[in-house]
Amino acid sequence: MIADKLSLLVPDATEVQYDARGFHIQYTASADTLPQIADAFLSENFHLEMITCQDRRENDNAFRLIYQFNQYGTPQRHVILADIAPDATAPSIAATFPAADWYEREIFDMYGVSFDGHPDLKRILMEEDYFGHPLLKDFVDPPNPYRSEDDA
Amino acid sequence: MNSRYEVEQDPKSRDTYYLNMGPQHPSTHGVMRIKLHLDGERIISAEPIIGYGHRAHEKMAENRDYIQFLPNPSRVDYLGGMIYNIGYCQAVERAMNIEVPERAEYIRIICNELNRISSHLLWLGTFLMDLGAFTPFLYAFDDREKILDILDRITGSRLTYCYARFGGVILDIDDVFLDNVSNFCTYFVERLKEYEKLVIGNVIFRERTIGVGIFAPDLAQKYAITGPCLRAMGHVHDVRKDEPYGIYDRFDFDVPTQTEGDCFARTLVRVEEMRQSIRIIEQAVSDMPDGLFLAARVPKRIRPPEGDYYFCVESPRGNFGMYIASDGSDIPFRLKLRTPSFSHISAMPAVMAGTMLADAVAILGSIDIVVPEIDR
Amino acid sequence: MKTDIIQLFENPYLALGVTIAVIMAYLSVNAIMLIWLERKLSARIQRRIGPQRGPFGLMQQIFDMGKLLSKELLTPEHANKLLYVIAPILVFAPVVALSSLFPITSTYIFHDFNIAIVLILAISGINVIGIFLAGWGSNNKYALLGAVRSVAQNISYEIPLILSVIPIVMITRTMSLYDITLAQETYPFILVQPIALIIFIISATAETNRAPFDIPEAESELVAGFHTEYSGMRFGLFFFAEYSNMIFACALATVLFLGGWHGPFLPDAVWFFIKVYALIVLMMWFRWTFPRLRFDQLMKFAWVVLVPLSLINLLITTLVLKIV
């Protein structure tokens, strides 16, 4: 059972009300256990539904990574929250779940969070020579050197 | 280059080259690029490069309140606009516990399924055009036009709908709409048979799709494949059945599946899905209750209680999920759109390696991508 | 009984000039009309109306020609200028050169050549070179891929094409198109060589790069294939060449299998053109009905199905001729 495997890795599990929230169990984990957690989910036939991030530097001085695992058929959503310090890196789980490859690239692109061990960490949605990370709360669109003043 | 998915090269041929399929290419269905490493016509590796259509919907969500974000979801995926629009409303409704009147729920079901059929029709046309068959494209568009006309009449828009509101829909339907819908259903069931005769039985079509672009069984779990692509691999998974949202649990419909996971299986699944959608619409039309189409008591200010919410709907392409992190204010703290095409395109390096150039086009067509949905 | 038009003129160069002028004029008008026909026909197949400019939409083609003629001829910067320029001409030239060989009526023909079939099969292969030069000279990967496909396809399908013509030559013991037509006075060869006709039509569709064998210009894969970089009238020449090749292939099939000008009541030339255009409509019907084959499947079809089939057909014909 996934719950048993996870209880060894992440003791901090909260059952959430599925009818209101849309997922079942929420865990708070430290970032360096993520690869083991991913392995546990892989062995239990879960898939990585998405990874996303929150810029919580104002609230908790941290970026919060949100991993959501689910299984086909009867939904069983497990959400892993992992807070990392603004200048820290997180381990990549792309080796376990290739789906994480692009999600991690997107988080790198949008938040500037780096992932250790990612096969090819580069921008995905913004252009390669873009600077800045758009989804940061204090983001200001950098002036585009190629755009003239009269362009709307 | 993403070396993990390179297939073994023929040691005798050292002349390989790169071909940019896109950003402007007839069969990427939008502005997307696939960097192909080719040995003759054989693909050694493929790397999708996305982001040309990035419109920062997630950033927009953090800068406007829940009501102002209403028109956005249907622009994320312009072919399943109604489903996205309604899905967003349902996500917020569940977070805020807003009751939706029965009639509105039924209207939503009809609109959802009509939209699904129109999306599948467009897919059928463009997929066959990718394979070089021109004529089915116009047949499919002809029928799609009928759906657009029906929806146009009640929503006022043809593509990027903003019909749903928190607590129902903005305008009521009338008997003419219901007549139109049931007429369309009887007409379309016959048309589907024609499509099957025209397309599925064709020898060249079978040659081009059977055994082409097989999604290996472990691919689903690794890349979180969903929707018709997943059902073509033998998984019985449909959000409408597994975690029914709205009132989908009241309807009687099947989840079509195939086991092969190739382009042909995906075609069969989608064609059968259109038939199931017709079944749902017919049930909804006959059960349509009277009453309010918009809840009378909807909070003036849309402020979901603090916390994380995830809501997922079955879009024509797969699981469309909305992750809403609310801090209790009018404006979402974070709104993540989990789009199915993003996952499917990220699996392309693993699927395309080792196939032919013409297969790449067939695979891209068969997974039914909408580029703005990948880029958001 | 028969008169070569060329012999009517005393000056051979004048005769040549008149012949070429007549053929060019015919092919141009024919291409324009075929484009109209294809548009109208595809519209009918697809439940559309089709072009609407002028009576029956006939003006649409005239405007299109005007547009093509008035467009700037762009040459890509890194293209091989010489190859790039001569390629469209090379594609178009063989059709013009060979069209004079067809016996349209029993009385007046341009020229009766006693080894016409050899000449036709030899020279019609030249347009492959034109297509390849177009792909190579454009310096574009899509164009090159299209050209490579085209060469492979045309060379492969030329073999069943030739093998399907040989039985006719064996039956009639002549290579003159006029004599072959004469030999079909009582019955057309479609009755004795139906398999050869089917092989011929399939191979001819492939030779003319028409769907479902249009992989050299498969627009969903290769954008526009070998003519990706062409614009204006150079592109127009490719366009012309496609339709001229079509009528050329259909005329050959008419002469070889459908009895040429033979037919009751109507004049010779009318019968000839009725047969030709019926075959063209058939080819257009193919195009708007079938999806495109994949490159390897196409080659497999030529080598695994058509070549053995035509060889067997040839063998049977030989045996029957030997016994009878």
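Which residue of chain B forms a salt bridge with C:R294? I looked that up before anything else, keeping in mind that this is a predicted model. The partner is B:D359, and the closest N and O atoms of the pair are 2.8 Å apart.

**Entry: the C–B interface**

I then pulled the totals. Chain C and chain B have 3 salt bridges between them, and I count 10 residue pairs in polar contact, both residues at pLDDT 80 or more. On the chain C side, α7 (141-172), α10 (219-222), α12 (268-289) and α13 (295-323) each bring at least two residues to the face that touches chain B. That face splits into 11 nonpolar, 4 polar and 9 charged residues.

How many residues are in contact across the two chains? I get 24 from chain C against 34 from chain B. Together the chains bury about 2600 Å², with 57% of that on carbon and sulfur atoms.

**Entry: β7 of chain B**

Next I went to strand β7 of chain B, residues 318-326. Is it buried or exposed? I find 9 of its 9 residues buried, so the strand is largely enclosed by the rest of the structure.

I checked its neighbours too. Strand β6 (residues 307-315) of chain B runs antiparallel to β7(B), joined to it by 9 bridges. As a register mark I noted B:D308 opposite B:A325. These two strands make a hairpin, with 2 residues between them.

β7(B) also pairs with strand β8 (residues 334-338) of chain B, again antiparallel, over 5 bridges. Here my register mark is B:Y323, which stands opposite B:K336 in β8(B).

Note on methods:
Residues numbered from 1 in each chain as written. Chains lettered and ligands numbered in written order. Predicted model: local features only at pLDDT ≥ 70, side-chain atom pairs only at ≥ 80, totals over all residues. Heavy atoms only, no water. Contact = heavy atoms within 4.5 Å. Buried area = accessible area lost by both parts, 1.4 Å probe. Salt bridge = Lys/Arg side-chain N within 4 Å of Asp/Glu carboxyl O. Polar contact = N/O pair within 3.5 Å; in protein donor to acceptor, adjacent residues only side chain to side chain. Helix = DSSP H or I, 4+ residues; strand = E, 2+ residues; numbered from the N terminus. Nonpolar A, V, L, I, M, F, W, Y, C, P; charged D, E, K, R; others polar. Buried < 20%, exposed > 50% of the residue type's maximum accessible area, 1.4 Å probe, protein only. Pairing = 2+ DSSP bridges.
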